[in-house]
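User: I am new to this structure and would be grateful for a close look at the aromatic rings and their surroundings. Please take one part and follow it carefully.

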Amino acid sequence: MATFYYPGGSNVNKTTIGFDWLNNYWCDLTGELAKNGETNSARQIALTAMIILCSSLVVFWFYVPRLFSDIKFNQIIRYAGMTSMTVVIFLFTGFHDTVIIIAGTLGIAALTGVFIGLYKNNLTKLFYYGAFCLGLMLFNYFIYETSFLLSLLPIIQKATFVLFLLWICWVDIYLYKTIKAKNSNEQLLQ
């Protein structure tokens, strides 16, 4: 929704009108000013969406350790993931790069625990797809830090975001089915 209200401009062309899906970053939507210098009318919508997304992902990180009853990393998964999403909410501030480093480090710690759990529980499709998404995230960061293929980063960023959210949804579906099955088994035993 915020993309419809973004006034315009990108790092490539300050004079474009509206959100340019090929050249604007998601973070452009949260700035006080658009890249063309106008007041960013998309900001409030983007910040609200960011808070809703991060809050939803805090809940995800709270529940996802339930997939792994025998893993010793459950507390790391839970608290590193939840803290990562709490930190990401501040991406719009002047500490953008610091937020990426802190949230990214915590996120990788949480994901490492999830990947160990997925692998140990023979959930190979979730494991490999998640590892692919992590690889894309690291590739985004590599581009951001080195400027190698920088012109492609806005597209790669959006593709990574969509693919990663699809992985989260897939994990959520599996988690829901797992919890539902456990609850059914408990009711049968009563």
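Is F19 buried or exposed, going by its relative accessibility?

Analyst: The model is a predicted one, and the values below are computed from it. F19 counts as buried, since its relative accessibility is 10% and the cut-off for that class is under 20%.

The partner of F19 is Y6. The centres of these two rings lie 5.9 Å apart and their planes meet at 85°. Because planes over 60 degrees apart count as edge-to-face, the pair of Y6 and F19 belongs to that class. Y6 is buried as well, with a relative accessible area of 2%. Both residues are placed in the loop between α1 (2-5) and α2 (43-63), so the contact ties together parts that are 13 residues apart in sequence. In total, the model has 14 aromatic pairs.

A second pair has another setting. W26 and F161 have ring centres 5.8 Å from each other, with 50° between the planes, and this arrangement is tilted. W26 is in the loop between α1 and α2, while F161 belongs to helix α6 (residues 153-189); the pair thus links distant parts of the chain, 135 residues apart. W26 is partly exposed at 27% relative accessibility, and F161 is partly exposed at 33%. The ring of W26 also has a charged neighbour: K158 lies over its face, at 5.9 Å from the ring centre.

A similar arrangement involves F62, where R78 lies over the face of the ring at 4.6 Å from its centre. Elsewhere, ring pairs join F115, Y119, F127, Y128, F164 and W167 into a cluster.

Beyond the rings, the loop between α5 (124-146) and α6 holds S147, and L149 is found in the loop between α5 and α6 too. The backbone deserves a remark here. Most residues other than glycine have a negative phi. S147, however, has a positive phi near 70°, and L149, also not a glycine, has a positive phi of about 60°. S147 is partly exposed, with a relative accessible area of 43%, and L149 is partly exposed at 35%.

To return to the question, F19 is buried at 10%, and its ring partner Y6 is buried at 2%, whereas W26 of the second pair is partly exposed at 27%.

Terms used: Residues numbered from 1 in each chain as written. Predicted model: local features only at pLDDT ≥ 70, side-chain atom pairs only at ≥ 80, totals over all residues. Heavy atoms only, no water. Phe/Tyr/Trp six-rings, centres within 6.5 Å; stacked < 30°, edge-to-face > 60°. Helix = DSSP H or I, 4+ residues; strand = E, 2+ residues; numbered from the N terminus. Buried < 20%, exposed > 50% of the residue type's maximum accessible area, 1.4 Å probe, protein only. Lys NZ or Arg CZ within 6 Å of the ring centre and 35° of its normal.
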